[in-house]
Amino acid sequence: PYTTLFRSVVLGSLLHSASIFWVVALGAVGYLIPDMLLKRKTSSRRNRIRKSLPDALDLMVICVDAGLGLDQALIRIGEELSTSHPDIAEEFTQVNLEQRAGRPRLEAWKNLADRSEIEEFTSFVSMLTQTDRFGTPIIRALSRFSEDIRLKRRQRAEEAAAKTKIKIIFPLVLCIFPCIFIVLLAPALLSIVGGLGG
């Protein structure tokens, strides 16, 4: 941000008219725009990962049910999803690399949850912790967690659909209703004006 700020200040100082205003204005723009772009990119990446998570969990359930361990399933999922969902494949590859470097499994998954700041990964880490602590079968826990994620995804879609009803009111009131009033009232107004003129 500081290099962009410096460039904006230098550009603003080169303008002749109202140079102090332009220095301050372009400096503020140069300071704010990189953060805004970075927030937009991170939020869009988070949304892409959140949308691809149910598919990844379904693949994980299939791989673990077929006899692979969780680490081998992670490698396989990263290979399978590298084309369709590259963001989550990168995150799974990072988890795999951290585990190869000697980091414990739960710590690598916790790093993924902290790095991505996605609620579903935090729930996944707590599910893995409980599975290791109580010794429950991982396939059963994964199946339940995958069903919960799909249910949350459906509820989120229903919530977004319910919000569109409210959002569509403003375009109706501002754009469509005035046109309807013009079409309905214009002939009556013209006939009234013609009657008064006659």
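User: In this predicted model, why is the meeting of the Glu 120 and Arg 50 side chains called a salt bridge?

Analyst: The side chains of Glu 120 and Arg 50 meet at 3.5 Å, N to O, and a salt bridge requires a side-chain nitrogen of Lys or Arg within 4 Å of a carboxyl oxygen of Asp or Glu, so the pair qualifies. Glu 120 lies in helix α6 (residues 119-134) and Arg 50 in helix α2, so this salt bridge ties together parts that are 70 residues apart in sequence.

User: What makes Glu 120 buried, and what makes Arg 50 partly exposed?

Analyst: Glu 120 has a relative accessible area of 4%, and because buried means under 20%, Glu 120 is counted as buried. Arg 50 has a relative accessible area of 24%, which falls between the 20% limit for buried and the 50% limit for exposed, and therefore Arg 50 is partly exposed.

User: How do you know that Arg 48 and Asp 87 form a salt bridge, and what does the pair tie together?

Analyst: The N to O value for Arg 48 and Asp 87 is 2.5 Å, and since the cut-off is 4 Å, the two side chains meet in a salt bridge. Arg 48 lies in helix α2 (residues 19-65) and Asp 87 in helix α4 (residues 86-100), so the pair ties together parts that are 39 residues apart in sequence. Arg 48, at 42% relative accessibility, counts as partly exposed, whereas Asp 87, at 11%, counts as buried. Both residues also belong to a network of salt bridges, whose members include Arg 45, Glu 90 and Arg 115.

User: Which parts does the salt bridge of Asp 55 and Arg 150 tie together?

Analyst: The side chains of Asp 55 and Arg 150 meet at 3.3 Å, N to O. Asp 55 lies in helix α2 and Arg 150 in helix α7 (residues 138-167), so the pair ties together parts that are 95 residues apart in sequence.

User: Why is α5 called roughly antiparallel to α6?

Analyst: The axes of helix α5 (residues 105-116) and α6 come within 8 Å and cross at roughly 165 degrees. Angles over 145 degrees count as roughly antiparallel, and that makes α5 roughly antiparallel to α6. The crossing of these two helices is left-handed.

User: Which residues meet where α5 contacts α6?

Analyst: Among them are Leu 106, Trp 109 and Lys 110 in α5, and Phe 121, Val 125 and Asp 132 in α6. The residues of this contact divide into eight nonpolar, three polar and two charged.

How values were computed: Residues are numbered from 1 along each chain as its sequence is written. This is a predicted model: local features need pLDDT of at least 70, side-chain atom pairs count only at pLDDT 80 or more; totals for chains, interfaces and linings use all residues. Side-chain values use heavy atoms; hydrogens and water are left out. Helices (H or I, at least four residues) and strands (E, at least two) are DSSP runs, numbered from the N terminus. Buried means under 20% relative accessible area, exposed over 50%, partly exposed in between (1.4 Å probe, protein chains only). Axes are lines fitted to C-alpha atoms, for helices over the stretch in contact, and angles run from 0 to 180 degrees between N-to-C directions. Angles under 35 degrees count as roughly parallel, over 145 as roughly antiparallel, 65 to 115 as roughly perpendicular and the rest as oblique. A crossing is left-handed if the near helix is turned anticlockwise from the far one by less than a right angle, and right-handed if clockwise. Contact means heavy atoms within 4.5 Å. Ala, Val, Leu, Ile, Met, Phe, Trp, Tyr, Cys and Pro count as nonpolar, Asp, Glu, Lys and Arg as charged, and the others, Gly among them, as polar.
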